[in-house]
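Visitor: Before I accept any labels, I would like to hear what stands behind them.
Guide: Then let us look at the structure and take the labels in turn.

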Amino acid sequence: MKRIVLTGGGTAGHVTPNLALLPRLKELGYDIHYIGSYNGIEKKLIEQYSIPYYGISSGKLRRYFDWKNFSDPFKVIKGYGQARTLLKKLKPDVVFSKGGFVSVPVILAAKHRKIPAIIHESDITPGLANKLAIPNACKVCCNFPETLKYLPADKAVLTGSPIREELLSGNRLKGLTYCGFQSEKPVIMVIGGSTGSQFINKIVRSLLPDLLKDFQVLHLCGKGKLDSSFEHTKGYAQFEYANKELSDMFALADLVISRAGANAICELLALRKPNILIPLSANASRGDQILNARSFEGQGYSVVIEEEQLNSVILLDAIKKLFQNRNQYINAMAKSEQLNSVETIVQLLEQAANQKK
Ligand SMILES: CC(=O)N[C@H]1[C@@H](OP(=O)(O)OP(=O)(O)OC[C@H]2O[C@@H](n3ccc(=O)[nH]c3=O)[C@H](O)[C@@H]2O)O[C@H](CO)[C@@H](O)[C@@H]1O
């Protein structure tokens, strides 16, 4: 039996592509194990799939000053030792990483143990964790064609991003019941990334009196970000995070307002959901979401409004316009060339695992 170790974590975007690979890997008979941090979101997500999970010590790698910069290197070194021990014990044929800080010691340990490692970069430009991992990986998968120029030519493969199969077969009626929606009004779905966004939550909630006249609003607002004052607002349903019910929620959505995390936007494209993207500002990140969003805007898939330009009048106007012109966006998305990402990545994993033998 072939064995694979998956890794990646920190935010859901570094885990859900791994989840998307699970059914095919199981079909091919892989014995699947997961290495993540002690208590990151990856632990909760992976445990729902009954995959053996090993927590290691993990620290954040920052480019800016923080007192934790002095303690985190020790955590990463400890994590590296733990990853080496785990890989010695598990002896996987191949390692696959979806990135995030916790994956770096795992990839370094794989190199040390001479286990082939394949990594995936979802964003247009590689993040710091993947930059450190690239020299130690045998292949680097990417989501956007624009990324190829940032990667070593002998390692780069354009695969797209694996999307959970079940997202494509949601049930609108089940979604309606789950949200307690009763009217036939169209549904706006709001997703502020896997951890929610205070900024988007606030502006959307301020618009509810206007929006609820014509729409129902399904809001995935992030952990700890529910607002109890809207508990009994008819036509508004808020949830911290959606797990298996996400498919039915997507089926329900006529229009989506979202951050521009790479996975979320690829899901919107695959599902042909007209969308307004509000990328995470360059002040709060390395600006990767702005690049993701601009790429989608350029291809006619999305309306993009940067945080600094956004206010409630602009958002309301954009929602109304997009709803009117939604077919134009649906048609553009329908013409996009969808890569069979799961199959391409699994084939790379098979090749790497067989080489090791
Ligand atoms: C703040 C931050 O660091 N953001 C980064 C992070 O975003 P983030 O983790 O938000 O990533 P994405 O938007 O790419 O993915 C979120 C994933 O979570 C899922 N989901 C979300 C909400 C929910 O209730 N249920 C659920 O299952 C989405 O369907 C999607 O699969 O990783 C992305 C991919 O590297 C980057 O592009 C983002 O810039």
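Guide: The shell around the ligand holds 23 residues, and the closest are T11, G13, G193, G261 and N263. This is a predicted model: local features need pLDDT of at least 70, side-chain atom pairs count only at pLDDT 80 or more, and totals for chains, interfaces and linings use all residues. Residues are numbered from 1 along each chain as its sequence is written.

Visitor: What makes a residue one of the 23 that surround the ligand?
Guide: A residue is near a molecule if its C-beta atom, placed from the backbone, lies within 6 Å of it. The elements giving two or more residues to this shell are α9 (262–270) and α10 (288–298). The largest share, 4 residues, comes from α9.

Visitor: Why is α9 called a helix?
Guide: Because helices are DSSP runs of H or I with at least four residues, while strands are runs of E with at least two, both numbered from the N terminus. α9 spans 262–270, so the run qualifies as a helix.

Visitor: How do you know that β11 and β12 pair, and in which sense?
Guide: Two strands pair if DSSP finds at least two bridges between them. β11 (residues 255–258) and β12 (residues 275–277) have 3 bridges, so they count as paired, in the parallel sense. V256 stands opposite N275 in β12.

Visitor: What makes β10 and β13 edge strands?
Guide: The open sheet has 6 strands in the order β10-β9-β8-β11-β12-β13, with parallel pairing. β10 (236–239) and β13 (302–304) each pair on one side only.
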